[in-house]
Every structure is written in C-alpha cells, then in structure tokens.
Amino acid sequence: MLQRLLLAVAVVYPIAYLVVAALRMAYPFELEWMEGVALEQTQRVLHAQPLYVAPSLGYIPLLYTPLYFHVAALATRILGDGFLALRAVSFAASLGCFVLIFTLVRRETRSTTAGTLAACMFAATYRLGGAWFDIARADSLHVMLLLAAALVLRADATRWRGPVAGGVLLTLAFLSKQSAVTVMAPLLLYELLSDRRRFMVLAATLVVLIAGSTLAIDLATHHWYSYYIFDIPSRHTIDPGLIPQFWSRDVMAPLAIAVLTSLLFLVLPGEAGRRPARGFYGALAAGLVACSWSLRMFRGGYDNVLMTAHAGIAILFGLGWHVVTEWIRGAGTDVTKRLASFVALAWVAQFVLLVYDPRQQLPTAADRASGDYLVRTLRSTAGDVLIPGHSYLAVRAGRAANFHEMPFIEIVNTAKTPLEHALMDSLRSRLARNAYSAVVLDNRDFLKKVVEDYYVTGWTVFDNDTVFWSRTGLITRPQAVARPRTP
C-alpha cells in the first residue's frame, strides 16, 4: 500500500510539469529575463549573422557555446518566430532527460518502478531548479546530452564504439554549455581505472572534437569565441561563503532523504557484479553534482545550475530505492518489515517536501495584455528606445536592437582592454547627446545610476503592480520610462 502511495505521489510531478509547460510555452514574452537574448541569437543564426563579434551597444552575446541557438534556429524554421520554438527545444530535451534517467535506472535494476521513481524525482526538482526545464535557455539540452553520453558509455562495452559515441555526445554537451567539462573528468577517471583502452579512445575523441571545434570556431570568429566562452567567464570570482551553502542549502535541506537513499546504493551489499555499476554511477553523479557546485560558487549563479546535480541525485535515488527494497525483502524479518514501512514513508515525505504551486509559474492574460500594450507604446514612440533589460521588445516594436545589460555589465565591470573601457564610454556618450528618445528601466536595473546622470524618470510603465513580472530567474519587469534631461 505504501509503495502504491509512493508511486501515486511521485507521478504527480511529471504530470504537473507537462501541464505547466503546455500552458506557458506559447507565451509571447519572456518568462525569464535573458530569454530575449537567446531569441536574438537564434535570429542571428537564421539570418547567417555571426554569434560572436566585438561587443557593442547594438549586440553582446551570452557567454555560452552555440549549439542550442543552432538547434533553436532549426525549430524556428518549423514553428515560426518567437519564443515557442526555443521553448519547444528545451521542452523536448527535458522529456529526453526523463526518458534517459528512466532507461539508465531501468537497465541497471531491471525494475520499471525504480526507473519511474528516478524520473519522477528529477521532475519533482522542477521548481527547485528554477522552473527551468522548458525555458528558452540551453540547460535542458545540456543535461540531456550528458545523460545520453552516460547511457552510451554504460550500455556499449566495446573498446572503441562506445567511447567514440560517448565522446561525440559529451562534445555536443560542451557545445551546449561549456561547464560539461566538469562532468567529463570523473567519467574519464572511471574509464582509466576500469579499462585503459576505452579511456584512451574516449580521451582522444574528446581532445580532437572539443579542441578542434573550439579552434575552428575561434578562428572563424577572429578569436571572439574564446573571448566570450573562456576569457570573460574566467574573470568571475568565487565567493567562499557560497561553497558550503551548496551542500547545506541546495542539497541537504531539500533533498536529504534522496541523498541518503543515494548513498545506500553505494554502500549496501547487493547482487554480484554491482561493483562496476557503483563505480560508474558514482563517477557520473560526482561529475553532475560537481558541475552544479562549481557554478554555484559564484554570485549570480541562479537555481538552474542545480539541474545537473538534481539529475545525478535522481539516478542514484532510483538505484538506491531498488537496493534498499531488495535488501529489506531478502532480510524478511519482522524488524525489517517495520523498517520497510518507515523507509517507504520517508520516501513519500521526500516527494511531499518538494511540492510547489504550479500556478506561480504561469503568466496570466493580464500579463499578455500588458506586454501588448507596452509594445504598442514603444511603436508609437519617435526615435530609438533603449531597453537594456529587454532588447527584444524594442525589436518587436520596430526599433533598433540594443545590448542586454547582463553581458554588458559582465564586461564593463571587469574591463581590462581599451575596447572594454570604451564600451561604457560609448554608452555615456550616446546618453549625453540624447541619442535615445527614451530609456525603459527595470525595477532592479544595473544601469539606473548611469542613465539618471543624463535622463530623468518620467512615468511608470504599468499602472498595475502585479503584471508582466518574469516567472523565474531575476524577478523583474520594465518599470519606468526616462526622458532626456535637456530637450
């Protein structure tokens, strides 16, 4: 009865996610404040414009590798312009994550229940990971490719085919998000300790493909690729206070029972021959968790960086569930039967602890109407309009595109070269000569002080404090319109 209750509670989460994703996928405005940059980069791919160019007031890319934008461009050719195609790519990738987690655990345990619980555990972390599965960002594609590589490496025991295919998938994961290198290290170590020939093939594949693609793209972009992918991110500084918080706040506080179950998979006795499985999945989970930890050490790393850790914990949870239930059944004493009830209730409690309100993730009809109103207002405004937090709105209103302030701030706050220092000088120069007829500032705008040296805030964008807020990431919206101080 408790096992049925556990399954009933668990399957609520993938169902809730499917409903949320379906209801918000076609929303024509941002759900997260940097979706607009992803949309712009996808449009650049469609129009054969380079993604990585010198930073300017017209365009600065996100600090990510390019695969997601090319996949989104293909989807856009089918589904049309707008956020729908980009979110559809992430949605499909998230479903791929569910299937891959199920398959990995089902293959190892020969238990459909174990695979289902593992996939449901990952679905249950949807809000914990920022409600990010279906966002127009690269994360779901990144996680799916990492899991696909893990399945290939585990399922194909050949000396060359498995490592080559796994290396290709890991390279694609890197081309979706460069933090994939953190996941590769433990997998390479596992292969080195278990089969040196496979290690050599996998390592060679990764070196050739990652180094080759990096060099090719870097040369094609006149070294702007390495500037955005490696140089600017390397300037981020670790906050020592965030290092232990990852384990206390992000892992143990919400997922203590799942983590304990995961650890039991690694220590409890089980079927003969399970040692290789422990080594492989221990290495995989270590890489996935380390990937999240390495990104969470920096200020500004939002909850979406936890998605890889959640995938690793979900896999070990499904494997641990199987080992614990098999161990309890094998013992068969009254004590273990009572222990079984306690453990099953703990598992139910773990899923219940992850409950969230799906309605908070859904934009409303009022949000859509407010966005339409804002675009109409911008369209009727003469001259160029600067919207540093949401450049896509200016483009949608028929105005010239401008930079997004997040990559802009990351460059100017760590400026080292004359070009980087000139970027802020160029913005101040344009503001000083009233190049923009209006500047639309967010409620938490990083450029507010700079703009207010030359412009004065005139009126609020919306007369309703509840509309058009982003649903995840930085909770923000266009808030105030600033006009030039001098006519």
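1. Asp442 deserves a look: this residue is buried but makes no salt bridge, and the nearest side chain of opposite charge, Arg477, sits 8.4 Å away. Buried here is under 20% relative accessible area, exposed is over 50%, and partly exposed is in between, with a 1.4 Å probe and protein chains only. A salt bridge needs a side-chain nitrogen of Lys or Arg within 4 Å of a carboxyl oxygen of Asp or Glu. For charge, Lys and Arg are positive and Asp and Glu negative, while His and the chain ends are left uncounted. Keep in mind that this is a predicted model, where local features need pLDDT of at least 70 and side-chain atom pairs count only at pLDDT 80 or more, while totals for chains, interfaces and linings use all residues. Residue numbers run from 1 along each chain as its sequence is written, and side-chain values use heavy atoms, with hydrogens and water left out.

2. What does Asp442 have for company? Its side chain makes a polar contact of 2.7 Å with that of Thr476. (A polar contact is a pair of N or O atoms within 3.5 Å; within protein, one must be able to donate a hydrogen and the other to accept it, and residues adjacent in sequence count only if both atoms are side-chain atoms.) Leaving out residues up to four places away in sequence, Asp442 touches His390, Thr476, Arg477, Pro478 and Gln479, where contact means heavy atoms within 4.5 Å. Asp442 belongs to strand E2, residues 438-442. Helices (H or I, at least four residues) and strands (E, at least two) are DSSP runs, numbered from the N terminus.

3. Arg477 is spoken for elsewhere: its side chain forms a salt bridge with Asp465 (3.6 Å, N to O). Both residues lie in the loop between strand E3 (455-460) and strand E4 (478-484), so the pair ties together parts twelve residues apart in sequence. Arg477 is buried, at 1% relative accessibility, whereas Asp465 is exposed, at 60%.

4. The whole structure holds 20 salt bridges. One of them joins Arg154 and Glu108 at 2.8 Å, N to O. That pair links distant parts of the chain, with Arg154 in helix H7 (residues 139-155) and Glu108 in helix H5, 46 residues apart. Arg154 counts as buried, at 19% relative accessibility.

5. Asp239 and Arg299 also meet in a salt bridge, at 2.5 Å, N to O. Asp239 is in the loop between helix H11 (224-234) and helix H12 (242-267), and Arg299 in the loop between helix H13 (275-296) and H14, so the pair ties together parts 60 residues apart in sequence. Asp239 counts as buried at 19% relative accessibility, but Arg299 is exposed at 65%. There is also a salt-bridge network to check, linking Arg249, Asp250, Arg296 and Asp303.

6. Helix H2 (residues 12-24) has 13 residues that should span 18 Å at 1.5 Å a residue, and its end C-alpha atoms are 19 Å apart, which agrees. The expected span is 1.5 Å times one less than the number of residues. Its buried residues are Tyr13, Pro14, Ala16, Tyr17, Val20, Ala21 and Arg24. Down the helix axis these fall within an arc of 160 degrees, so they line one face of H2; the arc is that of the directions from the helix axis to the C-beta atoms. The face turned away carries the exposed residues Ile15, Ala22 and Leu23.

7. Helix H5 (residues 83-109) has 27 residues and reaches 39 Å from its first C-alpha to its last, close to the 39 Å expected. H5 is mostly covered, with 19 of its 27 residues buried. For helix H9 (residues 180-194), the reach is 22 Å over 15 residues, close to the expected 21 Å. Among the buried residues of H9 are Met184, Leu187, Leu188 and Tyr190.

8. Two backbone angles to check. Most residues other than glycine have a negative phi. Arg110, just after H5, has a positive phi of about 60 degrees; this residue lies in the loop between H5 and helix H6 (112-124) and is exposed at 60% relative accessibility. Ala48 has a positive phi of about 55 degrees although it is not a glycine. Ala48 is in the loop between helix H3 (35-46) and helix H4 (67-79), and is exposed, with a relative accessible area of 73%.
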